[in-house]
Amino acid sequence: MQFTGSHILSISQFEQRDVEYLFKVADAMEPYAQREKRTRVLDGAILGNLFFEPSTRTRVSFGCAFNLLGGHVRETTDIKTSSISKGESLYDTARVISGYSDVIAMRHPVAGSVEEFSRASRVPVINAGDGPSEHPSQALLDLYTIRKELGIKGPADKLRIAMVGDLKHGRTVHSLGKLLSLYRNIHFTLVSPRELRMPAEIVEELRSKGHEVLETDNMEAGLHNNDTVYLTRIQEERFANQSEADIYRGRFRLNQAIYTQYCKPNTVIMHPLPRDSRSEANELDNDLNQHPNLAIFRQTDNGVLIRMALFALTLGVADEIHNHVEPVSWFTAKRFHNPPPNRT
Ligand code: NCD
């Protein structure tokens, strides 16, 4: 695909070679994200960071990624404080904000809204989550993390992954499923309540590409024999009423005891975060916090690299990063988490 000037709306836009190229660019971002040196390649550029739904890490990491490339960030973080609350259309907002920005990252509660917005935008738009539909940058950082965790250098063929939780409303698993489907012979175990199964069209797409898909509501059986277990939160904001979400909270939990009993040793533990740590949910227990196979904070670290790569590519400066380098003069703590344990 042609990255420069393109919107990044869905994983369906990607071919395997685009993913490999993006990961190479992300690798090159490491010294900048680690504050070993800095680049001003995007000095003067402005990111419009539009978040019309709650977010912590996606919003902040898009912003930090842009800052780390030398660019500036303008944020809108609430529908209530933006003119959308006065009845403004996505079309008008897009015409306006794209006049102020060089690139836009956008999250919105309605499926398809970011694509609609992008049609009126004059600058590239990156989908930071459109309702229950997709979250492409999360899927890219998830696969990037899986490869680093498992020491996979090339394609992620033959990977065995369990996805657990609210697979119906979880946009991260929709995008990650599509992304993994670009590879060969992936084994998906989809663990969810019957009512919250992965949308049939996605399961169909995975099977039609030759992947093995097992759907179950039996957590213990589903955890068996995977390389990676990917937990998700019940997406309570997508339910018509909270009492319905309550039915499913806490149904599928991973903790130290369950991990030890049912997972293959060295299974990588992932979650897009936020994990719901309230006692009635607690899908990923704090008693795994020190576990070497818990990759959740390496996922968040990797998110910065992937988002830097997306900006460098959509703005056409991926080959120029190192031409604008300066030293770092301030005290720099080691900020990224320890590298994954050697599992090979
Ligand atoms: C996810 C999201 O917003 O879809 N969070 C994230 O971006 N890392 C998952 C979630 O909210 O459960």
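Here is a short walk through the structure above, from the whole chain down to one residue, Asn293. This is a predicted model, in which local features need pLDDT of at least 70, side-chain atom pairs count only at pLDDT 80 or more, and totals for chains, interfaces and linings use all residues. Residues are numbered from 1 along each chain as its sequence is written, and side-chain values use heavy atoms, with hydrogens and water left out.

Let's start with the fold. The chain holds 12 helices and 11 strands, counted as DSSP runs numbered from the N terminus (H or I, at least four residues, for helices; E, at least two, for strands). Its radius of gyration is 20 Å, close to the 20 Å from the globule rule for 344 residues, so the chain is as compact as a globular protein of that length. That radius is taken over C-alpha atoms, and the rule is 2.2 Å times the number of residues to the power 0.38. Along the principal axes, the C-alpha trace spans about 55 × 50 × 40 Å.

Next, the inside of the chain. Of the 344 residues, 55% are buried, meaning under 20% relative accessible area with a 1.4 Å probe, protein chains only. Contacts (heavy atoms within 4.5 Å) often reach far along the sequence: among those between residues at least 6 apart, 77% join residues at least 24 apart.

Asn293 gives a local view. This residue sits in the loop between strand 10 (268-270) and helix 12 (296-314), and counts as buried because its relative accessibility is 4%. Beyond its neighbours within four places in sequence, Asn293 touches residues including Tyr259, Asn266, Arg298 and Arg343. Asn266 lies 27 residues away from Asn293 in sequence, yet their C-alpha atoms are 6.3 Å apart.

Note on methods: Buried means under 20% relative accessible area, exposed over 50%, partly exposed in between (1.4 Å probe, protein chains only).
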